[in-house]
Amino acid sequence: MAATSELLTLTVGDIKQFVYCPRVVYFTYALPWRRPTTYKMHEGKLEHDRVAQLEERRSLRAYGLTEGERQFNVSLYSERLGLSGKLDMVILSRGEVIPVDFKNTGTGVGLNHKYQLAAYALLVEDRWQKPVRRGFIYLVPLKKAREVAITPNMRLFVRETMDGIRAMIDSESTPPPTRQKARCRDCEFRNFCNED
């Protein structure tokens with residue numbers, strides 16, 4: 001691994017996107033202009049803001065907790081990891097720090113969501129200097145929180161993914177597309193990919 005000062009700072013979103021489709025991350029860094037914003041992305045941002053406002057008034061029962069302090073839209077950065085992100089919510093409760101990520105999906109928790117949460121867990125640990133054993137993905141349409149255990153294998157996968165992303169960017173080599181072609185339908189990079 002490169003020295004800390006040499007690390008390209010990645011975002012937690014890069015981890016999520018790479019698991020979903022590596023080409024999204026490739027085009028994000030390879031194209032000379034800002035990433036296009038789709039209607040779904042814009043609506044998702046608005047929904048996140050609305051959920052955060054509602055969440056401030058709710059109890060912590062959805063997370064199996066009776067008490068805890070919530071912090072919203074927490075900006076996180078680790079120079080050591082070369083990673084940054086903005087976490088929807090952190091719960092500080094009895095010696096435990098719990099990352100919570102809001103998702104505007106009713107189809108359940110995807111693998112890419114779990115690894116995004118694991119990346120947030122690494123950042124939360126760096127900031128609060130406490131181990132993160134679990135996190136939650138809050139499924140907005142279902143109004144349900146799904147607990148996700150943060151395992152050593154998940155941590156390792158996130159670190160290996162970051163190394164893979166940096167290697168891909170350094171070598172400027174186009175990765176293979178996702179095998180799930182349905183994901184391409186609403187992709188903002190569809191016109192560049194030529195995988196239809």
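Visitor: How many of the 196 residues of the chain count as buried?
Guide: In this predicted model, 46% of the 196 residues count as buried. To earn that word, a residue must have a relative accessible area under 20%.

Visitor: What does the chain expose, and which atoms supply it?
Guide: The chain exposes about 11,000 Å², and carbon and sulfur atoms supply 48% of that area.

Visitor: How is the chain built from helices and strands?
Guide: You will find six helices and six strands. Starting at the N terminus, their order is β-α-α-α-β-β-β-α-β-β-α-α.

Visitor: Let's try single residues. What makes Thr 107 buried or exposed?
Guide: Its relative accessible area is 77%, and exposed means over 50%, so Thr 107 is exposed. You can find Thr 107 in the loop between β4 (96-103) and α4. Its C-alpha atom is 9.4 Å from that of Pro 141, although 34 residues separate the two in sequence.

Visitor: And what makes Thr 178 buried or exposed?
Guide: Thr 178 has 8% relative accessibility, and the limit for buried is under 20%; therefore Thr 178 counts as buried. Thr 178 lies in the loop between α5 and α6. Apart from neighbours within four places in sequence, Thr 178 is in contact with Tyr 20, Cys 21, Arg 183 and Cys 184.

Visitor: Now the helices. What describes two packed helices?
Guide: The angle between their axes and the distance between the axes. Take α1 (residues 12-20) and α4 (residues 111-128): their angle is about 155°, and their axes are 8 Å apart.

Visitor: What are α1 and α4 called, then, and why?
Guide: Angles over 145 degrees count as roughly antiparallel. The angle here is about 155°, so α1 and α4 are roughly antiparallel to each other. The crossing of the two is right-handed. On the α1 side, Val 12, Gly 13, Ile 15, Lys 16, Val 19 and Tyr 20 make the contact; their partners in α4 include Leu 111, Tyr 115, Ala 119 and Leu 123. By kind, the residues of this contact are nine nonpolar, four polar and one charged.

Visitor: Why are α2 and α5 described as they are?
Guide: α2 (residues 22-30) and α5 (residues 152-171) pack at about 50°, with axes 10 Å apart. That angle is not under 35, not over 145 and not within 65 to 115 degrees, and the rest count as oblique. So α2 and α5 are oblique to each other. The crossing of α2 and α5 is right-handed.

Visitor: Which residues of α2 and α5 meet?
Guide: Pro 22, Val 25, Tyr 26 and Tyr 29 of α2 meet Ile 165, Met 168 and Ile 169 of α5. The residues of this contact are seven nonpolar, no polar and no charged.

Visitor: Which residues of α2 are buried?
Guide: Pro 22, Arg 23, Val 24, Val 25, Tyr 26 and Phe 27. These buried residues of α2 pack against α1, α5 and α6 (190-193).

Visitor: Where is Phe 18, and what is it in contact with?
Guide: Phe 18 belongs to helix α1. Leaving out neighbours within four places in sequence, Phe 18 is in contact with Val 25, Thr 161, Ile 165 and Met 168. Phe 18 and Gly 164 are 146 residues apart along the chain, with 9.5 Å between their C-alpha atoms.

Methods
Residues numbered from 1 in each chain as written. Predicted model: local features only at pLDDT ≥ 70, side-chain atom pairs only at ≥ 80, totals over all residues. Heavy atoms only, no water. Axes fitted to C-alpha atoms, helices over the stretch in contact; angles between N-to-C directions. Helix = DSSP H or I, 4+ residues; strand = E, 2+ residues; numbered from the N terminus. Left-handed = near helix turned anticlockwise from the far one by under 90°. Contact = heavy atoms within 4.5 Å. Nonpolar A, V, L, I, M, F, W, Y, C, P; charged D, E, K, R; others polar. Buried < 20%, exposed > 50% of the residue type's maximum accessible area, 1.4 Å probe, protein only. Areas by Shrake-Rupley, 256 points an atom, 1.4 Å probe, with all protein chains shown as cover.
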